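Dear colleague,

Here is the structure I said I would pass on. My notes on the domains and the ligand site follow below.

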Amino acid sequence: MEIEKLKKEILCVDSLLVLTGAGVSQESGIPTFRGKDGLWKNYDATQLATPHAFERDPKLVWEWYNWRRGKILNAEPNSAHYGIKKLEEIIPEFLLATQNVDDLHRTAGSKNILELHGNIFRTRCTGCGKIEFEKKIFDEEELPPGCKECGSLLRPDVVWFGEPLDQLVISKVMEFALKCSAVLVVGTSAVVYPAASIPYYVKEKGGRVFEINMEPTPVSGIADISILGRAGETFEKMMQDTG
Ligand code: BV8
Ligand code: ZN
């Protein structure tokens with residue numbers, strides 16, 4: 001069956017790139033971006049993750065990020081996060097590129113991680129640029145938070161729509177994509193660029209493309225193996241008796 005086939009293929013690749021999206025954290029209780037549970041107080045997440053929304057109403061955007069911080073701090077990694085950490089231990093050359101900002105891969109023990117869209121627990125000062133990392137929830141009355149150094153507005157240190165990704169991060173993931181033997185795409189609708197272009201690069205270079213997702217995506221069309229299912233459940237089955 002497909003999972004056995006995927007397991008056999010994956011366990012014998014020498015270099016694996018894993019690309020994850022919000023679907024990998026869904027079984028930890030974190031709402032996805034575009035799924036039915038992706039809404040927040042009837043706002044469309046993609047309308048809030050923009051510099052324009054932040055400029056117009058920083059308090060509202062911060063309430064959304066603070067609400068997500070609370071969800072994440074009460075969440076545990078699931079079998080998909082742990083399964084990906086296990087793959088990193090088994091496969092000689094491994095890189096995890098995640099679109100998620102929830103830090104759950106790091107909590108699960110993954111080491112070689114590139115966070116394509118930043119991290120929800122990091123703040124960046126819009127005035128002096130000071131970066132801080134703290135796994136905490138702000139008090140409502142603190143929102144929107146100000147910089148302790150210069151008093152300017154702090155923003156979540158994430159990549160919003162219309163903002164460029166960190167050049168170093170992009171070049172590192174593309175360099176790996178161009179030489180790895182396979183990419184495993186897990187829990188992403190594969191509509192956000194440039195992250196969604198990664199599997200196409202791997203394919204173009206003759207690499208194998210594998211997908212685990214609850215629904216078909218644009219990547220399914222180029223996937224050598226595409227498993228329709230929940231990431232946590234699939235990893236539970238796939239990683240059985242891998243020691
Ligand atoms: C840039 C912020 C240029 C952090 C995010 C028209 C065409 C093509 C591209 C564009 C276009 N118009 C504009 C663009 C560019 C735009 C883009 O791609 N837009 C798309 C939507 C059309 N991209 C950008 O703006 C990027 N920047 O291009 O800059 C530039 C260059 C130089 C100078 C200036 C500018 C920036 C992109 C990053 C945006 N920020 N988030 C945060 O708050 O999280 S993206 C946001 O979407 C999240 O980060 C999220 O990770 C990401 C992708 O979503 P998914 O992770 O895939 O989540 P989604 O809910 O969509 O899907 C979940 C999937 O899981 C579903 O398929 C579901 O079925 C499945 N699932 C659910 N449960 C499970 C499951 N699968 C398995 N198991 C389960 N249990
Ligand atoms: Zn400052």
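The C-alpha centres of domain 1 and domain 2 are 27 Å apart. This is a predicted model. The domain assignment gives domain 1 as 2–30 + 77–117 + 165–238 and domain 2 as 36–74 + 125–158. Between them, 8 residues of domain 1 are in contact with 7 residues of domain 2.

Both domains also take part in the ligand site: domain 1 and domain 2 each supply at least three residues to the shell around ligand 1. Ligand 1 itself sits in the largest pocket.

The shell around ligand 1 breaks down by class into 15 nonpolar, 13 polar and 6 charged residues. There are 34 residues around ligand 1, and those that come nearest are Arg34, Tyr65, Val159, Thr188 and Ser189.

Thr188 also appears among the polar contacts, with a polar side-chain atom 2.6 Å from an oxygen atom of ligand 1. Two further contacts involve the backbone. A polar backbone atom of Gly162 is 2.7 Å from an oxygen atom of ligand 1, and for Gln99 a backbone N or O atom lies 3.2 Å from an oxygen atom of ligand 1. As for burial, ligand 1 taken alone exposes 1500 Å², and the protein buries 73% of that.

If you look at one part first, I suggest the ligand site, where the shell draws on both domain 1 and domain 2.

Regards

Definitions and conventions:
Residues are numbered from 1 along each chain as its sequence is written. Chains are lettered from A and ligands numbered from 1 in the order in which they are written. This is a predicted model: local features need pLDDT of at least 70, side-chain atom pairs count only at pLDDT 80 or more; totals for chains, interfaces and linings use all residues. Side-chain values use heavy atoms; hydrogens and water are left out. A residue is near a molecule or strand if one of its heavy atoms lies within 4 Å of it. A polar contact is a pair of N or O atoms within 3.5 Å; within protein, one must be able to donate a hydrogen and the other to accept it, and residues adjacent in sequence count only if both atoms are side-chain atoms. Accessible areas come from the Shrake-Rupley method with a 1.4 Å probe; for residues, only the protein chains shown count as cover. On a 1 Å grid over the protein atoms alone, a cavity is a set of points where a 1.4 Å probe fits but cannot get out, and a pocket is an open set with protein on both sides within 12 Å along at least five of seven lines; lining residues have an atom within 4 Å of a point. A molecule sits in a cavity or pocket if more than half of its atoms lie within 2 Å of its grid points. Ala, Val, Leu, Ile, Met, Phe, Trp, Tyr, Cys and Pro count as nonpolar, Asp, Glu, Lys and Arg as charged, and the others, Gly among them, as polar. Domain bounds come from an automatic or database domain assignment. Contact means heavy atoms within 4.5 Å.
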